[in-house]
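User: I want to learn how to read a structure feature by feature. Where should we start?

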Amino acid sequence: MSGQPNTRLSDLFGLAGWSKGELARLVNRQAAAMGHPQLATDTSRVRRWIDMGEIPRDPVPRVLAALFTERLGRVVTIEDLGLVRHGRTGKRPRGGSAEHPDGVPWAPERTAEVLTEFTGMDLMLNRRGLVGAGAALSAGSALSSAMHDWLHTDPALTTDAPRIDHPLHADSVGFDRYEAAPIGSQEIEELERSVEVFRAWDAARGGGLQRKAVVGQLNEVGGMLAYHHPPHLQRRLWGVAANLAVLAGWMSHDVGLEPTAQKYFVIAAHAAREGGDRPRAGEALSRAARQMVHLGRPDDALDLLKLAQSGSGGELLPRTRAMFHTIEAWAQASMGKGQAMRRTLGRAEDLFVSDRGADLEQPDWMQTFKDEDLYGMQALAYRTLAEFEPGAAAHAQHYAEKALSLRVDGRERSKIFDHLSMASACFIADDPEQADRYARLALMSMGSNSSRRTWDRLRQMYRLTAEYSSYPRIQVLREEIRQALPRPRGKGGNSAPA
């Protein structure tokens, strides 16, 4: 007992709106449901947890995490509640400081445990899409500052990890750990193939329909990582975990679960670094940066991109660097920095061309960044800049057309984005007839796609139709968009445009 209030638990307790007596009764009921009928908690004990920093014994922290997760409609872990026994109450074990109270990064041996606990809680949620009160994104500057030194050091796969005499010893990990047996190269190959299947589905149909399947697979891999396999297998398994965590984050972002998405991107960066793959860790952080631009926080995106590039050391291939630059350019365009954006896109194109000529083998997670993706990001950057410089709309149209001419591989979500970039650029360029055509092409595909981001982008385009609302065709288009837009979901949902 620290004698100091557990501020993390106190804050979440206030958000949940329970009384201390009510929470005590809920703990007893939930513990019984989880197979611990002997547990008996009362109001005074709850008061000691909150006001005196007492950390209850297992299984109470897991029970509390389950209760808060269900109540707030978002993943709440034991660490979020400040109920880990190592270090000061309210801080992460062997991590965290006055500068970085969230304790990012966590200790090397904690990665599998954090991964498994977080995915287990995520799977427990029944109200998909309800982010809940108090969910908040960490600032990009805070994340990059906290992770800088850690990402620039050598990975801990073989040096810093705990030494276990038995090579297949299983550590105790977090909530509801998947009881995996030791696995071999054939099983890892099957897991790697499953990543490709999930990737293809996400690109074609959006993240909503397969998100929980990916989270479930990641949860199982977390259990497997509790075993200390031979280094070459453990390294590949960390790679699978990183790939699945990036997918889980991207799918969560795709359906509007933004704090959950950010957590998965951070987990992915940890997993990649544990496996010794710094470029993969950097790519995971670049996803978090792209999320920040989408949410209107380009400054945070630029902070994360700096870390993604520097933390990858000298191992980044030109195409990966080109991809990073396209995200940087989008952030700059969001800030109206046209000259900086053009320079950055120029560097991206040069790097992409040099990579193409070098005939380098790309890592599996870069296989989807092709010519059309470069053009699509250039179109998006110029379309974004056109809000500040209308003349940029012509460049957006040019690159969107080039991207669309190459979209033949079933990646429907990207094609929708390209159609919307083109439609928006046409409106800005005073060509409502062409804009109407491309907007309708986007609408035709959106009904079969579970990506909330496409609807967010449609709302941005809809705003541009107001200037042409007296045109009969645009009047009809506006009404069709209003009818097609999803209804708001709770207080955080987006309402249909007026």
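Analyst: Start with a cut-off. A residue is exposed when its relative accessible area is over 50%, and buried when that value is under 20%. Keep in mind that this is a predicted model.

User: Why does Asp-430 count as exposed or buried?

Analyst: Asp-430 has 53% relative accessibility, so it falls in the exposed class. Its place is the loop between α17 and α18 (432-446).

User: What is the sign of phi at Asp-430?

Analyst: The general idea comes first. Most residues other than glycine have a negative phi, and most peptide bonds are trans. Here, phi of Asp-430 is near 65°, a positive value in a residue other than glycine.

User: Which residues does a cis peptide bond join?

Analyst: Asp-58 and Pro-59 are joined by a cis peptide bond, with omega about 15°. Pro-59 is found in the loop between α3 (43-51) and α4 (60-72).

User: Now the whole chain. How many helices and strands are there?

Analyst: The protein chain has 20 helices and zero strands. Of its 498 residues, 55% are buried.

User: What share of the contacts comes from residues 24 or more positions apart?

Analyst: Take the contacts in the protein chain with a separation of 6 or more. Residues 24 or more positions apart account for 73% of them.

User: Let's turn to helix packing. At what angle do α17 and α19 pack?

Analyst: Helix α17 (residues 412-428) and helix α19 (residues 452-464) pack at about 10°, and their axes are 9 Å apart. Angles under 35 degrees count as roughly parallel. The two helices α17 and α19 are therefore roughly parallel to each other.

User: Which residues make the contact between α17 and α19?

Analyst: From α17 come Arg-413, Ile-416, Phe-417, Leu-420, Ser-421, Ala-423, Ser-424, Phe-427 and Ile-428. From α19 come Arg-453, Thr-454, Arg-457, Leu-458, Met-461 and Leu-464. By class, the contact of α17 with α19 has nine nonpolar, three polar and three charged residues.

User: Pick one residue on the α17 side. What does Leu-420 touch?

Analyst: Leu-420 touches Ala-442, Thr-454, Arg-457, Leu-458 and Met-461, not counting residues up to four places away in sequence. Leu-420 sits in helix α17. A relative accessible area of 1% makes Leu-420 buried. Sequence distance and spatial distance can also be read together. Leu-420 and Ala-439 are 19 residues apart in sequence, with 6.1 Å between them in space, C-alpha to C-alpha.

User: And on the other side, is Met-461 buried or exposed?

Analyst: Met-461 is buried, at 0% relative accessibility. Its helix is α19. Leaving aside neighbours within four places in sequence, Met-461 is in contact with Leu-420, Ala-423, Ser-424, Phe-427, Ala-439 and Ile-481. Take Ser-424 from that list. Met-461 and Ser-424 are 37 residues apart in sequence and 5.3 Å apart in space, C-alpha to C-alpha.

User: Let's try another residue. Where is Pro-298, and what does it touch?

Analyst: Pro-298 is in helix α12 (residues 298-311). Pro-298 is buried, with a relative accessible area of 12%. Not counting residues up to four places away in sequence, Pro-298 touches Met-292, Ala-331, Ser-334 and Met-335. Pro-298 and Ala-331 are 33 residues apart in sequence and 4.7 Å apart in space, C-alpha to C-alpha.

User: How do I read Arg-278, buried or exposed?

Analyst: Arg-278 counts as buried, at 15% relative accessibility. Arg-278 is found in helix α11. Its C-alpha is separated by 9.5 Å from that of Gly-314, 36 residues away along the chain.

User: Last topic, internal space. How many cavities of 30 Å³ or more does the structure hold?

Analyst: Rolling a probe the size of a water molecule over the atoms shows where empty space is left. The structure holds one cavity of 30 Å³ or more. The largest cavity contains about 610 Å³ of space.

User: Which residues lie nearest the centre of the largest cavity?

Analyst: They are Trp-250, Arg-290, Thr-368, Arg-411 and Ser-414, out of 31 lining residues. The elements giving two or more residues to this lining are α7 (185-205), α9 (231-254), α11 (278-294), α13 (318-334), α15 (371-385), α17 and α19.

User: What is the lining of the largest cavity by class?

Analyst: The lining has 11 nonpolar, six polar and 14 charged residues.

Notes. Residues are numbered from 1 along each chain as its sequence is written. This is a predicted model: local features need pLDDT of at least 70, side-chain atom pairs count only at pLDDT 80 or more; totals for chains, interfaces and linings use all residues. Side-chain values use heavy atoms; hydrogens and water are left out. Axes are lines fitted to C-alpha atoms, for helices over the stretch in contact, and angles run from 0 to 180 degrees between N-to-C directions. Helices (H or I, at least four residues) and strands (E, at least two) are DSSP runs, numbered from the N terminus. Angles under 35 degrees count as roughly parallel, over 145 as roughly antiparallel, 65 to 115 as roughly perpendicular and the rest as oblique. Contact means heavy atoms within 4.5 Å. Ala, Val, Leu, Ile, Met, Phe, Trp, Tyr, Cys and Pro count as nonpolar, Asp, Glu, Lys and Arg as charged, and the others, Gly among them, as polar. On a 1 Å grid over the protein atoms alone, a cavity is a set of points where a 1.4 Å probe fits but cannot get out, and a pocket is an open set with protein on both sides within 12 Å along at least five of seven lines; lining residues have an atom within 4 Å of a point. Grid points are joined across faces, edges and corners, and a volume is the space filled by probe spheres set on the points. Buried means under 20% relative accessible area, exposed over 50%, partly exposed in between (1.4 Å probe, protein chains only).
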